[in-house]
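Good morning, and thank you for making time for this presentation. May I ask everyone to look at the sequence and the structure before we begin.

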Amino acid sequence: MATSTHVLQKNSVSRVMLLVLACLIPGILTYAWQFGWGIVINLVWASILALSLEALALRLRNFPIKPFLSDGSAIVTAWLLALSLPPLAPWWLTLVGMIFAIGVAKHLYGGLGQNIFNPAMVGFAVLIISFPAQMTQWSAPLAIAGHHLGFVESLAVIFGGGLPDGVALDAIVSATPLDTVRTGLMQQHTLGEIHSYSHIFGSLGGVGNEWVAAAYLAGGLTLWALRIISWHVPVAFLLGIWLTAGFLHWGDAGRYAAPWFQIAAPSAMLGAFFIATDPVSGSTTPIGRLIFGLAAGFLTVIIRVFGGYPDGVAFSILLMNLCVPLIDAYTQPRVFGEPRK
């Protein structure tokens, strides 16, 4: 052989980020179709904030702005955070979340490639802990909402905080299916009773949410087909949710939701394919990715069922981010040429 063998990769940071954004578009369009204009406005606002904060952080650190600003990583963080927030979240809530995501979780740890936590999930965790009331006011599905907000009305709610004349808050917002189940169980109702008095539930999950979850699944499978992500983390994450929820449901079907209900939540699909697969804060070895995904799925259900918050995707992924160095240290593959131990 005249030269050493090499594998040429056509992937770059900007190409990977662009493909991730493209694969999120089906979920975003479905989200807007089922829940209105709020999500689109929040995505644009979060993107503006992300680019501005990224440029400010780079300037303060004396880094060149254009190369890092154009790699797309800030926009990916902005979209993942915005998709995790209520579509009609007030403008300042998104601002606070982006400050912690970009300024603290990303640049305080050294910038792109150095962060040990997923930046978007850090921003979400800060908001859900600090502002629980605002984080529970989710847009009602248009199919059952008492009033449909147009673009201008959604803009006024997000940036002005005022509702249209004659429109009550409960006509445009509602609890998520996960929160509805959690609240009903705390009131000593069974799952059958909760489903009977609430119109928010569909065939598998929540009305509208099932379609959003399916769109995220389609986008995630596209990422896998393009070899941007591997199958290990998404499959292990969803399997961890299914096995944990299935075991609990098998033990007491009247109190613990079925595994397909847990999977049909959009946060599960978004977390499995777009958040837990973060190459920087996630595990890097094949076996490590399986452990990471399974444990994160297990923790997601445990937090949903026994924790103080209706959803546990963000907290489970952040907890597993802490374990990545240990997981990778004990799951290193055998070095080529070395004898098996």
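In which helix is leucine 299 found? Leucine 299 belongs to helix 14, which covers residues 286-306. Before I go further, I should state that this is a predicted model. The mean pLDDT of the chain is 89, and 95% of its residues reach 70 or more. Confidence is lowest in helix 9, residues 191-197, with a mean of 82. Confidence is highest in helix 11, residues 232-251, where the mean is 96.

Let me return to leucine 299. If neighbours within four places in sequence are set aside, leucine 299 is in contact with Ser316, Leu319 and Met320. A second reference point for this residue is lysine 106, which lies 193 residues away along the chain. The C-alpha atoms of leucine 299 and lysine 106 are separated by 24 Å.

The three partners of leucine 299 also appear in a helix pair, to which I now turn. Two packed helices are described by the angle between their axes and the distance between the axes. For helix 14 and helix 15, the axes come within 8 Å and cross at roughly 145 degrees. The crossing of helix 14 past helix 15 is right-handed. On the side of helix 14, the contact involves Gly288, Ile291, Phe292, Ala295, Ala296, Leu299, Thr300, Ile303 and Arg304. On the side of helix 15, they meet Val313, Phe315, Ser316, Ile317, Leu319, Met320, Asn321, Val324 and Ile327. By class, the residues of this contact between helix 14 and helix 15 comprise 13 nonpolar, four polar and one charged.

Alanine 329 is also part of helix 15, which spans residues 313-330. Is alanine 329 buried or exposed? Its relative accessible area is 53%, so alanine 329 is exposed. Its C-alpha atom is separated by 9.0 Å from that of glycine 288, although the two residues are 41 places apart along the chain.

Next, threonine 244, which lies in helix 11. Threonine 244 has a relative accessible area of 11% and is therefore buried. Which residues does threonine 244 contact, leaving aside its neighbours within four places in sequence? They are Phe298, Val301 and Ile302.

The second helix pair joins helix 2, residues 38-60, and helix 5, residues 91-106. Their axes come within 9 Å and cross at roughly 40 degrees. Because of that angle, helix 2 is oblique to helix 5. The crossing of helix 2 past helix 5 is right-handed. Helix 2 contributes Asn42, Trp45, Ala46, Leu49, Ala50, Leu53 and Glu54 to the contact. Helix 5 contributes Trp91, Thr94, Leu95, Met98, Ile99, Ile102 and Lys106. Sorted by class, this contact of helix 2 with helix 5 has 10 nonpolar, two polar and two charged residues.

The third pair is helix 4, residues 73-84, with helix 6, residues 119-130. These two helices pack at an angle of about 35 degrees, and their axes are 8 Å apart. Helix 4 passes helix 6 in a right-handed crossing. The contact is formed by Thr77, Leu80, Leu81 and Ser84 of helix 4, together with Pro119, Ala120, Met121, Gly123 and Phe124 of helix 6. Six of the residues in this contact of helix 4 with helix 6 are nonpolar, three are polar and none is charged.

Tryptophan 79 also lies in helix 4. With a relative accessibility of 17%, tryptophan 79 counts as buried, because the limit for buried is under 20%. Not counting residues up to four places away in sequence, tryptophan 79 touches Leu21, Leu24, Ile25, Ile28, Leu43 and Ser47. Leucine 60 is 19 residues from tryptophan 79 along the chain, and their C-alpha atoms are separated by 24 Å.

I close with two loop residues and their backbone angles. Asparagine 62 sits in the loop between helix 2 and helix 3, the latter being residues 65-69. Although asparagine 62 is not a glycine, it has a positive phi of about 60 degrees. At 69% relative accessibility, asparagine 62 is exposed. Where is glutamine 188 placed? Glutamine 188 is in the loop between helix 8, residues 177-186, and helix 9. Its phi is near 70 degrees, again a positive value in a residue other than glycine. Glutamine 188 is exposed, at a relative accessible area of 65%.

Technical notes:
Residues numbered from 1 in each chain as written. Predicted model: local features only at pLDDT ≥ 70, side-chain atom pairs only at ≥ 80, totals over all residues. Heavy atoms only, no water. Axes fitted to C-alpha atoms, helices over the stretch in contact; angles between N-to-C directions. Helix = DSSP H or I, 4+ residues; strand = E, 2+ residues; numbered from the N terminus. Parallel < 35°, antiparallel > 145°, perpendicular 65-115°, else oblique. Left-handed = near helix turned anticlockwise from the far one by under 90°. Contact = heavy atoms within 4.5 Å. Nonpolar A, V, L, I, M, F, W, Y, C, P; charged D, E, K, R; others polar. pLDDT = per-residue confidence, 0-100. Buried < 20%, exposed > 50% of the residue type's maximum accessible area, 1.4 Å probe, protein only.
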